[in-house]
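Grab a pencil and work through these exercises with the model open beside you. Each task comes with a worked solution, so try it yourself before reading on.

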Amino acid sequence: MTTIGILWPGAMGSALGRAWRSAGVEVVTSLDGRSARTRDLAGDLTALGSLEEVVRVCDAVVSVVPPAHAVTQAEQIAAAVRRTGSTPVVADLNAVSPATMGQVATVLEAVGCVVVDGAISGPPPRPDGDTALFLSGASCSPFADLAAPGLRAGVVGSEVGAASATKMSTAAVYRGTKALLLQSLLTARHHGVLDAVVAALSPGAPELPAPLARDLAVAASKSDRFPAEMREIASTQAAAGAGAELYEAVAEVFERADASTAGAATPEQAASATDLDAVLDALTRRR
């Protein structure tokens with residue numbers, strides 16, 4: 001593979017692009033209609049003018065978007081394939097359920113594209129990091145064979161949906177734990193015992209407060225994306241017979257966090273934002 005197109009190059013997509021470029025691959029993107037922040041993040045990638053141009057020149061196209069937009073993104077890629085006549089491999093790396101991934105594959109396979117189901121576990125890759133890329137499908141070799149610093153690729157199955165199921169299962173643990181902690185500490189704050197609860201947690205895990213403060217801050221900052229991801233997890237678990245109730249509730253936890261970080265439109269949201277700040281401050285002071 002010689003050219004990969006990243007759609008769209010946010011923090012994760014741009015970092016993936018840099019990792020693959022360091023492995024000797026040409027990486028391009030489109031910044032058409034993107035924000036100034038995205039343009040800054042992707043400033044060192046080769047920018048083309050449109051989605052059609054990316055599809056036309058690339059051997060493979062990578063979709064990295066919020067989970068609620070995964071099917072729409074697939075439809076846009078399919079439309080570009082019809083207009084250009086090019087059929088790149090398409091890797092969907094979004095945090096979606098196997099069922100949603102099946103919808104994505106149906107859209108793209110209908111226009112002749114080979115589809116790779118992929119999922120990212122960990123932060124945006126960096127040379128000294130360890131970000132995992134789960135892959136599944138009939139032909140994962142274009143990505144499985146790329147050795148990029150800080151990015152560990154592994155094939156978890158031959159069927160589209162296996163990588164997404166892996167992501168949904170690991171994210172259920174990571175995101176669910178953060179939601180549990182966030183809910184519990186906000187409750188402690190309400191009852192005036194936040195410092196006591198943080199102190200009680202610390203002896204058994206001295207390293208807990210600092211990583212927890214960081215992780216909860218990240219969770220709060222991305223809480224606009226997390227509800228949709230939690231509902232993809234809920235769908236995955238329901239399909240496995242485990243029920244959707246738990247992660248529907250987790251989605252609501254992140255929705256409340258999103259409301260508190262989006263600006264205080266109501267007195268209740270203002271109080272929620274103050275409580276969240278207090279939780280992060282209490283954890284930071286225990287470093």
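**Exercise 1. Get the overall picture.** Work out what share of the chain is buried and what its secondary structure comes to.

*Solution.* Start with burial: buried residues make up 46% of the 287 residues in the protein chain. Keep in mind that this is a predicted model. Next, go through the secondary structure, which comes to 12 helices and eight strands. Then look at the contacts: among those between residues at least 6 apart in sequence, 65% join residues at least 24 apart. Last, check for disulfides: the structure holds zero.

**Exercise 2. Lay out the sheet.** Put the strands of the open sheet in order and find its edge strands.

*Solution.* Step one is the order. The open sheet has eight strands, running E3-E2-E1-E4-E5-E6-E7-E8, and the pairing is mixed. Step two is the edges: strand E3 (46–48) and strand E8 (151–157) each pair on one side only. Step three is the twist, which averages 30 degrees from one strand to the next.

Now zoom in on one pairing. E7 and E8 run parallel and are joined by six bridges. In that pairing, Leu133 stands opposite Ala153 in E8.

Finally, add a helix. H1 packs on the sheet, touching E1, strand E2 (26–30), E4, E6, E7 and E8. The direction of H1 makes about 170 degrees with that of E1.

**Exercise 3. Follow E1.** Sort the residues of E1 by the way they point, then find which residues of E2 partner Ile4 and Ile6.

*Solution.* Begin with a rule of thumb: in a regular strand the side chains alternate between the two faces of the sheet. E1 fits the exercise nicely: Thr3, Gly5 and Leu7 point one way, while Ile4 and Ile6 point the other way. Burial comes next, and five of the five residues of E1 are buried.

For the partners, go to E2, which pairs with E1 in the parallel sense over four bridges. Ile4 has Val27 as its bridge partner there, and Ile6 stands opposite Thr29. How enclosed is E2? Four of its five residues are buried, so E2 is largely enclosed by the rest of the structure.

**Exercise 4. Find the cores.** Pick out the residues of the largest nonpolar core that touch the most other members, and say which element gives the most to this core.

*Solution.* The largest nonpolar core has 26 residues, and Ile4, Leu16, Trp20, Val62, Leu93 and Phe143 touch the most other members. Then trace the core back to its elements: strand E1 (3–7), helix H1 (11–22), strand E4 (60–63), strand E5 (89–92), strand E6 (115–121) and strand E7 (131–136) give two or more residues to it. H1 gives the most, with four residues.

Don't stop there, though. A second, separate core of 25 residues includes Trp8, Cys58, Ala74 and Cys113. Of these, Cys58 has a relative accessible area of 8%, so Cys58 falls under the 20% cut-off and is buried.

**Exercise 5. Classify the aromatic pairs.** Decide how the rings sit in each aromatic pair and which elements the pairs link.

*Solution.* The count comes to two aromatic pairs. Take Trp20 and Phe143 to begin with: their centres are 5.5 Å apart, with 55 degrees between the planes, and the pair is tilted. Trp20 lies in helix H1 and Phe143 in helix H6 (residues 141–144), so the pair ties together parts that are 123 residues apart in sequence. Trp20 and Phe143 are both buried.

Now take Phe226 and Phe254. The ring centres are 5.0 Å apart and the planes are at 75 degrees, so this pair is edge-to-face. Phe226 belongs to helix H10 (residues 226–239) and Phe254 to helix H11 (residues 245–261), 28 residues apart. Both Phe226 and Phe254 are buried.

**Exercise 6. Place Ser63.** Is Ser63 buried or exposed, and what is it in contact with?

*Solution.* First locate Ser63: it is in strand E4. The relative accessible area of Ser63 is 2%, so Ser63 counts as buried. Then list the contacts, leaving aside neighbours within four places in sequence: Leu7, Gln73, Ala91, Asp92, Leu93 and Asn94. One distance to finish: Ser63 and Ala74 are 11 residues apart in sequence and 7.9 Å apart in space, C-alpha to C-alpha.

Note on methods:
Residues are numbered from 1 along each chain as its sequence is written. This is a predicted model: local features need pLDDT of at least 70, side-chain atom pairs count only at pLDDT 80 or more; totals for chains, interfaces and linings use all residues. Side-chain values use heavy atoms; hydrogens and water are left out. A nonpolar core is a set of buried Ala, Val, Leu, Ile, Met, Phe, Trp, Tyr and Cys residues joined through side-chain atoms within 4.5 Å. Buried means under 20% relative accessible area, exposed over 50%, partly exposed in between (1.4 Å probe, protein chains only). Rings of Phe, Tyr and Trp (its six-membered ring) pair if their centres lie within 6.5 Å; planes under 30 degrees apart count as stacked, over 60 as edge-to-face and the rest as tilted. Two strands pair if DSSP finds at least two bridges between them. Axes are lines fitted to C-alpha atoms, for helices over the stretch in contact, and angles run from 0 to 180 degrees between N-to-C directions. Contact means heavy atoms within 4.5 Å. A disulfide is a pair of cysteine sulfur atoms within 2.5 Å.
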